[in-house]
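Biologist: I've got this one open on my screen and would like to talk through a few packing details. Can you walk me through them?

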Amino acid sequence: MDFTLTDEQSMLRDAVRSYLAGRYPLVESRSAARSEAGWQPAVWEAFASDLGILAATVPESVGGLGGGPEEMMVITEELGRALVVEPYTGTVVVGAGLLGRAGGPRAEQVCAAIVAGDARIALALTEPESGREPWDVQATAIRDGGDYVLTGAKIVVADLPLATHLLVVARTAGDRLDRDGLSLFLLEFDPQAPPAGIDARYFRTIDDHHTGDLVLTDVRVPAAALLGTEGRAWELVERSLDDGAAAVCSEAVGIMRRVLEDTVEYTRNRRQFGVPIGSFQVLQHRMVDMALEVEQSVAATYLAVLNLDAEPRLRRRAVSAAKITIARAARFVGQNAVQLHGGMGLTEELAIGHCFKRLTAIETEFGSATDHLRRYAEATRS
């Protein structure tokens, strides 16, 4: 398995890193994330027009550049390093991936709008009474003449306050734990004035990202809002969730690399008893342990990314193994970095505290370690 980046991928990494280093300072990005807008539209526009990363992994047929999982990994790692809060994973990785696999004129139109920077996607899947299984869906879509009527509730819908379109998973047949019978609907959305029948509540998470809850009451949509085949959406959704899990694993790698670099630099400069604290052997051992966790995370993430196009069972196993590894490493690296920085590690001025919050959130995004341990066991059974 070759982990070496191609020349083109290296150039992509350098371009994204250079742009973010010069135009995405920590103070400004945190201020924007905590503002009423919740993000920087000018940065998103630059992602589309200057860097082209919104097009990098989207098919050429809708104006994209046709890149694959490796390009996604390169981009998300750099976005993680810079603690970017703009909705790249939800829109480009999960949203455009789902739209592309579902197909159809409407999906292609929205994909083209994503490439241009004009569309942002929020996937509405998880519900208040959902259990451990992501396909535990009770929201319904009932056919009524030429329309569907959607009813149900969705919680923790990532990027909801920033979205222009919703992808709603609803049940058109079967019981709540059936994987068959789930369908996918594309709805236009305005966070400031939600469509009739949709009640939306927004909130900011501990890592300065934005999410929200939805209640859909007899929301009437045309039959053209259905993406793909009725009742067969789960296979498409599961693949996109795996893409999203791999993306946040890569993001976590970028964050942990930064955390390790900042911690080593801090211990070189922080002096105690007249010498740098980095000269203390016990602290050197701690940072070596942190470095080992980072390298294990890199390997697990590469394995997941390179298996995203593999047959489903192998893909599930690789992605779940990566998510388990990242959950452990994120906690170890984040907690030790804060401890080695002392009280400074939790201040707003340093990136360490913000990195720690984001790593903590990533532990449970797209499934917790417990969820993925069970999934890994299922994928390895004969």
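Modeller: Sure, and keep in mind that this is a predicted model. Let's start with Trp39, which has a relative accessible area of 11% and is therefore buried.

Biologist: Which residue forms an aromatic pair with Trp39, and is that partner buried or exposed?

Modeller: Trp39 pairs with Trp44, with 6.2 Å centre to centre and 65 degrees between the planes, so the pair is edge-to-face, as angles over 60 degrees count that way. The partner's relative accessibility is 1%, and under 20% means buried. So the answer is Trp44, and it is buried.

Biologist: Which residues make up the aromatic cluster?

Modeller: Besides the Trp pair, Tyr19 and Phe47 form an edge-to-face pair, 6.5 Å centre to centre with 65 degrees between the planes. That pair links distant parts of the chain, with Tyr19 in helix H1 and Phe47 in helix H3, 28 residues apart. Tyr19 counts as buried at 11% relative accessibility, and Phe47 counts as buried at 1%. The one cluster is formed by Tyr19, Trp39, Trp44 and Phe47.

Biologist: Moving on to the helices, how are H5 and H7 oriented to each other?

Modeller: The axes of H5 (residues 88-102) and H7 (residues 234-269) come within 9 Å and cross at roughly 155 degrees. Angles over 145 degrees count as roughly antiparallel, so H5 and H7 are roughly antiparallel.

Biologist: And what classes of residue make the contact of H5 with H7?

Modeller: H5 brings residues including Val93, Val94 and Leu98, while H7 brings Leu236, Val237 and Asp243 among them. By class, the contact has seven nonpolar, four polar and three charged residues.

How values were computed. Residues numbered from 1 in each chain as written. Predicted model: local features only at pLDDT ≥ 70, side-chain atom pairs only at ≥ 80, totals over all residues. Heavy atoms only, no water. Axes fitted to C-alpha atoms, helices over the stretch in contact; angles between N-to-C directions. Helix = DSSP H or I, 4+ residues; strand = E, 2+ residues; numbered from the N terminus. Parallel < 35°, antiparallel > 145°, perpendicular 65-115°, else oblique. Contact = heavy atoms within 4.5 Å. Nonpolar A, V, L, I, M, F, W, Y, C, P; charged D, E, K, R; others polar. Phe/Tyr/Trp six-rings, centres within 6.5 Å; stacked < 30°, edge-to-face > 60°. Buried < 20%, exposed > 50% of the residue type's maximum accessible area, 1.4 Å probe, protein only.
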